[in-house]
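Visitor: Please take a close look at a single part of this protein and tell me how it sits within the chain. I would like one connected account rather than a list.

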Amino acid sequence: MKITRSAVVGTLESGDVMIRIAPLATPEIDLQLNSSVEKQFGKIIRATLLEILERYEVSGVQLIVDDKGALDCILRARLETLLVRASDASALPWEENQ
């Protein structure tokens, strides 16, 4: 999936996460995480985000994550929504990536 434009999803409310994405000129993933629970769950949050990006073959992006204690299912839903908003896709290829 190619990210063609910047996009934002989520809120800064407790229990939620705000994620911003922007395309980069290089094929790397620049992941910046700011989380209220980073000491306890930072590695798990990073792993979840990178797993989703890998599943949808996303690279060459800057991802800025402001987490306020979001559950794993919320992280996944927010990032998948963001990928659709930032790409030319009208929906995610659900069946192909199960």
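Guide: The part chosen here is Glu57, which is found in the loop between α1 (38-55) and β4 (61-67). The model is a predicted one, and what follows should be read with that in mind.

The backbone of Glu57 comes first. Its phi is positive, at about 55°, although Glu57 is not a glycine. Most residues other than glycine have a negative phi. Glu57 is also exposed: its relative accessible area is 64%, above the 50% that an exposed residue has to exceed.

The helix that comes before this loop offers a contrast. Thr48 is found in helix α1, and Thr48 is buried, with a relative accessible area of 6%; the cut-off for buried is under 20%. Once its neighbours within four places in sequence are left aside, Thr48 is in contact with Asp72 and Arg76.

Another loop deserves a place in the account. Ser14 lies between β1 (7-10) and β2 (17-23), in the loop that joins them. Ser14 is exposed, with a relative accessible area of 72%. For Ser14, an unreviewed UniProt entry lists "modified residue: O-(phosphoribosyl dephospho-coenzyme A)serine"; that annotation comes from the record and may be inferred rather than shown by experiment.

Now the setting as a whole. The protein chain has two helices and four strands, and along the sequence they follow the pattern β-β-β-α-β-α. The radius of gyration is 13 Å, close to the 13 Å that the globule rule gives for 98 residues, so the protein chain is as compact as a globular protein of that length. Along its principal axes, the C-alpha trace spans about 35 × 30 × 20 Å.

Contacts and burial fill in the rest. Among contacts in the protein chain with a separation of 6 or more, 74% are between residues 24 or more positions apart. Of the 98 residues, 37% count as buried; Thr48 is one of the buried residues, whereas Glu57 is exposed.

As for the surface, the protein chain has an accessible area of about 5,700 Å², and carbon and sulfur atoms account for 52% of that. The side chains include 11 positive and 15 negative ones, and the centres of these two sets lie 5 Å apart.

To return to the starting point, Glu57 is an exposed residue in the loop between α1 and β4, with a positive phi.

Terms used. Residues numbered from 1 in each chain as written. Predicted model: local features only at pLDDT ≥ 70, side-chain atom pairs only at ≥ 80, totals over all residues. Heavy atoms only, no water. Buried < 20%, exposed > 50% of the residue type's maximum accessible area, 1.4 Å probe, protein only. Contact = heavy atoms within 4.5 Å. Rg over C-alpha atoms; globule rule 2.2 N^0.38 Å. Areas by Shrake-Rupley, 256 points an atom, 1.4 Å probe, with all protein chains shown as cover. Lys, Arg positive; Asp, Glu negative; His and termini not counted. Charge placed at Lys NZ, Arg CZ, Asp CG, Glu CD.
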